[in-house]
Amino acid sequence: NLWIKRDDLVAPRYGGNKVRKLERLLVDARAQKKRRIVTIGAGGSHQVLATAIYGADAGFEVEAVLVPQPGTDHARANLRLGLAQGLRVVVAPSWSAAPAVISALLGRDAYLFPLGGSNALSSLGFVDAAKELEAQVRAGEVPEPDVIVVALGSGGTASGLAVGLAATSLATRVVGVAVSPPLKVVELMTQRLVKKTAALAGVTIDDARPARLEIDRRWLGRGYGFSTHEGDLAMAEASRFGLLLDPTYTAKAYAAALDHARTKRGVTRPSTSLHV
């Protein structure tokens with residue numbers, strides 16, 4: 001059976017996995033008495049859009065360094081919506097050029113939201129999500145999952161869930177479906193983020209209590225922002241149940257989830273298990 005936790009409905013204005021991350025980051029920015037938020041992402045970034053919406057609601061000026069990505073209707077819609085929220089955009093011609101552009105924007109009054117909104121602090125939102133899931137399982141609202149499948153870009157969602165699950169009684173594993181290259185860098189970033197999140201959450205990750213996180217490389221296709229045939233099929237399947245997916249992230253994750261459900265995979269292949 002395939003169950004879907006509807007984080008797209010987690011907030012009335014705009015849902016998705018970024019909301020749980022922003023909850024921590026916005027509180028920290030306010031505590032540090034910052035006036036501006038500076039962030040970074042691809043042209044159609046969900047994190048940038050969510051930051052523009054909720055940052056403005058919280059009284060911050062929001063600026064984003066955007067890097068070009070393949071042009072899709074979804075990406076263009078995200079950008080338009082961000083601009084409508086008052087987002088100020090500075091374009092970086094490439095990812096390698098982005099750090100210098102960010103440095104020029106930062107100042108005493110600015111708080112930096114990292115790529116994807118993912119750091120140890122924001123990942124605590126998904127440590128909480130794992131505990132929330134445990135409570136739902138114990139209440140009989142949902143069976144205990146064998147595997148949780150999520151898209152893996154900047155790593156915050158998968159890392160937080162892996163750390164959170166290690167602190168629960170659940171035996172559930174996390175599969176992060178890689179949606180951006182270079183894969184080795186993504187895997188290394190995720191490994192480091194698991195360690196930092198565990199330290200901040202006070203959760204021990206070791207041989208006795210490992211981070212049950214695997215990275216599935218099979219669904220990336222041509223790269224970040226490019227649709228895949230499997231993703232297109234997954235979007236069509238999801239639409240039958242009223243689920244709206246995007247080609248960059250959730251379509252690829254949903255394709256992987258369908259594969260797990262249909263083949264009852266015990267271990268993702270080919271994948272990388274993160275030993276933290």
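In the predicted model, helices H6 and H7 pack at an angle of about 45°, and their axes lie 9 Å apart. This angle makes H6 oblique to H7, because angles of 65 to 115 degrees count as roughly perpendicular and those under 35 degrees as roughly parallel. The crossing of H6 past H7 is right-handed.

The contact draws on residues from both helices. H6 contributes Gly156, Ser159, Gly160 and Val163. Facing them in H7 are Thr190, Leu193, Val194, Thr197, Ala198 and Ala201. Sorted by class, the contact of H6 with H7 holds five nonpolar and five polar residues. Charged residues are absent from it.

Both helices also feed the largest nonpolar core, which has 30 residues. Within this core, Leu161 and Val174 touch the most other members. Two or more residues come from each of helix H5 (120-138), strand S5 (147-152), helix H6 (156-166), strand S6 (173-178), helix H7 (183-201) and strand S7 (213-216). H5 gives the most, with seven residues.

The surroundings of Leu161 show how these elements meet. With residues up to four places away in sequence left out, Leu161 touches Phe126, Ala129, Ala130, Ile148, Val150 and Val174. Phe126, Ala129 and Ala130 fall in H5 (120-138). Ile148 and Val150 fall in S5 (147-152), and Val174 falls in S6 (173-178).

A second core is separate from this one and comprises 21 residues. Among them are Ala50, Ala52, Ile53 and Tyr54. In soluble globular proteins, nonpolar side chains tend to be buried together.

How values were computed:
Residues are numbered from 1 along each chain as its sequence is written. This is a predicted model: local features need pLDDT of at least 70, side-chain atom pairs count only at pLDDT 80 or more; totals for chains, interfaces and linings use all residues. Side-chain values use heavy atoms; hydrogens and water are left out. A nonpolar core is a set of buried Ala, Val, Leu, Ile, Met, Phe, Trp, Tyr and Cys residues joined through side-chain atoms within 4.5 Å. Buried means under 20% relative accessible area, exposed over 50%, partly exposed in between (1.4 Å probe, protein chains only). Helices (H or I, at least four residues) and strands (E, at least two) are DSSP runs, numbered from the N terminus. Contact means heavy atoms within 4.5 Å. Axes are lines fitted to C-alpha atoms, for helices over the stretch in contact, and angles run from 0 to 180 degrees between N-to-C directions. Angles under 35 degrees count as roughly parallel, over 145 as roughly antiparallel, 65 to 115 as roughly perpendicular and the rest as oblique. A crossing is left-handed if the near helix is turned anticlockwise from the far one by less than a right angle, and right-handed if clockwise. Ala, Val, Leu, Ile, Met, Phe, Trp, Tyr, Cys and Pro count as nonpolar, Asp, Glu, Lys and Arg as charged, and the others, Gly among them, as polar.
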